[in-house]
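Open the model in your viewer and switch to a cartoon view. We will walk through it one selection at a time.

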Amino acid sequence: MTHKEITPKFQPELTPSVEELEAQERHLVFSQFTHEDAWALGSLLVELARERQAPVAVDIHRAGQQLFHAALPGSTPDNDAWIARKRRVVERYGSASYLVGARFRAKGSTFEESSRLDPDRYAAHGGSFPINVLGVGVIGTVTVSGLPQLADHRLVVEALETFLNKA
């Protein structure tokens, strides 16, 4: 009697390498970023989240100004606190919050242990991504909170890829 190998229903997600995360940042660059772009990108994120019934909050900031915010069913005020903490990491390091955390992990430590920053104000967890304008640099952030950190990161990256491919 032969036994068939059973494929598990759930495969563990592969964690992207630091190099893969850095490549995302090099690829996801805007030629410009206007108020209208913030509205369109935020609306796209909301649409993607609704399709998945994801209980997230979405936030877009540019130069210290909140240009877009939405809280979907199932999100809580705690998600807004996470957004602020993840956004501060992007503003300080100029890189995606998930990438910043990955860089610390790659060195055998954690952001919380080694950054010397207040964990009540900074969180190097996935979900906040820099808005990088060609020839200008990082001018803002797009952030999602409500899912596990890798899922938050992937949702933002998917929206950015879709948005930039339409441009």
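The tour starts with the sheet, goes strand by strand, and ends with the helices. Keep in mind throughout that this is a predicted model.

**Stop 1: the whole sheet.** Select the strands and look for an open sheet of 4 strands, in the order S2-S1-S4-S3, with antiparallel pairing. Now pick out the edges: strand S2 (65-71) and strand S3 (128-133) each have a single partner strand, so one side of each is left without a neighbour in the sheet. If you turn the view, you can follow the twist: neighbouring strands of this sheet are turned by 15 degrees against each other on average, direction ignored.

**Stop 2: strand S1.** Next, select residues 57-62, which form S1. Is this strand buried or exposed? It is mostly covered, with 6 of its 6 residues buried. Show the side chains and compare the two sides. In a regular strand, side chains alternate between the two faces of the sheet. Here, Ala 57, Asp 59 and His 61 lie on one side, while Val 58, Ile 60 and Arg 62 lie on the other, and all of these are buried.

**Stop 3: the partners of S1.** Add S2 to the selection: 6 bridges join S1 to S2, and the two run antiparallel. A good landmark in this pair is Val 58, which stands opposite Ala 70 in S2. Then zoom in on the hairpin of S1 and S2, where 2 residues sit between the strands and Ala 63 takes a positive phi near 50 degrees. Swing over to S4, which is joined to S1 by 6 bridges and also runs antiparallel to S1. There, look for Asp 59 opposite Thr 143 in S4.

**Stop 4: on to S3.** Select residues 137-145 for S4 and add S3: these two pair in the antiparallel sense over 6 bridges. Val 133 stands opposite Gly 137 in S4.

**Stop 5: a helix across the sheet.** Now bring in helix H2, residues 35-51. Which strands does H2 lie across? They are S1, S2 and S4, and H2 runs at about 20 degrees to S2.

**Stop 6: two crossing helices.** Finally, select helix H3 (residues 77-93) and helix H4 (residues 97-106), whose axes come within 8 Å and cross at roughly 75 degrees. That crossing makes H3 roughly perpendicular to H4. Show side chains at the contact: Lys 86, Val 89, Val 90 and Tyr 93 in H3 meet Ser 97, Val 100 and Phe 104 in H4. Colour them by class and you will find 5 nonpolar, 1 polar and 1 charged residues in this contact.

Technical notes:
Residues numbered from 1 in each chain as written. Predicted model: local features only at pLDDT ≥ 70, side-chain atom pairs only at ≥ 80, totals over all residues. Heavy atoms only, no water. Pairing = 2+ DSSP bridges. Axes fitted to C-alpha atoms, helices over the stretch in contact; angles between N-to-C directions. Contact = heavy atoms within 4.5 Å. Parallel < 35°, antiparallel > 145°, perpendicular 65-115°, else oblique. Nonpolar A, V, L, I, M, F, W, Y, C, P; charged D, E, K, R; others polar. Buried < 20%, exposed > 50% of the residue type's maximum accessible area, 1.4 Å probe, protein only.
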